[in-house]
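Hi,

Here is the structure I said I would pass on. Have a look at it first, and my notes on what turned up follow below.

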Amino acid sequence: MEDRTPIISFRNADIINGEATVIYGLDMDVYPGDFVYIVGKVGTGKTSIIRTIIAENPLHKGKGEACGFTLKDIRDKDIPYLRRKMGVVFQDFQLLMDRSVEDNLLFVLRATGWKDEDQMKKKIGSVLESVGMERKRHKMPHQLSGGEQQRIAIARSLLNDPQVIIADEPTGNLDNETADGIMKLLTGINKENGTAIVMVTHNRQIFEKYPGRVMVCKDETCIEQDPDEAIDLELTI
């Protein structure tokens, strides 16, 4: 029987950015295997939702849960354990530029409690193969293209077999062809592994070409779009 327990859930949650509330009364559920877009113009609170999910922004009002953790008043010592259950992919890759691809991934594994060197090397090989980068493990980040760096960032997000990948504008710094490759990779991970994806984007072409559930941020709200209705937003074409 399909698991319908949400991985991420918000009820009447106010989302803040600094001291300001940017979204009021967010209701949102993300289930295993979902592909959910959060779309909207710049400044409408998309990234603030992501930051709340990973406990970078506090949740003061309403209910929020992610990967089994209650987000409201989450203890600092629990945040690393929350983040181990999710993979996070950023627009600017956030690779450590002073070390190789393999050492970037080793750093994450050691930081999340892995000890066995053989198991770590095997895991790194597995995630690099899954993103088509197994031959780049000894390269430095500056030797890779933007698309290749993003593939490494996606490989990094897969290291701890996450329940969900949180992707904040993962194609934002890429040309259309490279972005298309990244989207094929993410949708493949979603379909083949059953990993849920929550992706922020302002690029209409992406969510029209790769359909999923769409949450629209507008006028201090974020509401799921009816799939039969056109999305009324002036987004990137």
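A quick word on terms before the sheets: two strands count as paired if DSSP finds at least two bridges between them. Helices (H or I, at least four residues) and strands (E, at least two) are DSSP runs, numbered from the N terminus. Bear in mind that this is a predicted model, so local features need pLDDT of at least 70 and side-chain atom pairs count only at pLDDT 80 or more, while totals for chains, interfaces and linings use all residues. Residues are numbered from 1 along each chain as its sequence is written, and side-chain values use heavy atoms, with hydrogens and water left out.

Overall picture

The protein has 7 helices and 10 strands. Its C-alpha trace spans about 50 × 40 × 40 Å along the principal axes. The radius of gyration (taken over C-alpha atoms; the globule rule is 2.2 Å times the number of residues to the power 0.38) is 18 Å, which agrees with the value near 18 Å for a compact globule of 237 residues.

The six-stranded sheet

One open sheet has 6 strands in the order E6-E7-E8-E3-E9-E10, with mixed pairing. Strand E6 (86-89) and strand E10 (221-224) are at its edges, each with a single partner strand, so one side of each has no neighbour in the sheet. From one strand to the next the twist averages 15°. (Axes are lines fitted to C-alpha atoms, for helices over the stretch in contact, and angles run from 0 to 180 degrees between N-to-C directions.)

Within this sheet, E7 (residues 164-168) and E8 (residues 196-201) are parallel, paired over 5 bridges, and aspartate 168 sits opposite valine 200 in E8. E9 and E10 run antiparallel, joined by 4 bridges, with valine 216 opposite isoleucine 223 in E10. These two strands form a hairpin with 2 residues between them, and aspartate 219 in the turn has a positive phi of about 55°.

The four-stranded sheet, and H1

The other open sheet I'd point you to has 4 strands, ordered E2-E1-E4-E5, and its pairing is antiparallel. Strand E2 (20-30) and strand E5 (69-70) are the edge strands, each pairing on one side only. E1 (residues 8-17) and E4 (residues 61-66) are joined by 5 bridges, and arginine 11 has lysine 63 in E4 as its bridge partner. H1 packs on this sheet, touching E1, E2 and E4 (contact means heavy atoms within 4.5 Å), and its direction makes about 120° with that of E1.

H1 (residues 46-53) also lies across E3 (35-39), E6, E7, E8, E9 (213-218) and E10, running at about 145° to E8.

Pockets

The search used a 1 Å grid over the protein atoms alone: a cavity is a set of points where a 1.4 Å probe fits but cannot get out, a pocket is an open set with protein on both sides within 12 Å along at least five of seven lines, and lining residues have an atom within 4 Å of a point. Grid points are joined across faces, edges and corners, and a volume is the space filled by probe spheres set on the points.

The largest pocket has a volume of about 620 Å³. Of its 21 lining residues, Arg83, Val88, Phe90, Val108 and Arg156 lie nearest the centre. H3 gives the largest share of that lining, 4 residues.

The second largest pocket comes in at about 380 Å³. Among its 21 lining residues, Lys46, Thr47, Ser48, Arg51 and Asp168 are the closest to the centre. H1 turns up again here, giving the most to this lining with 5 residues.

Cheers
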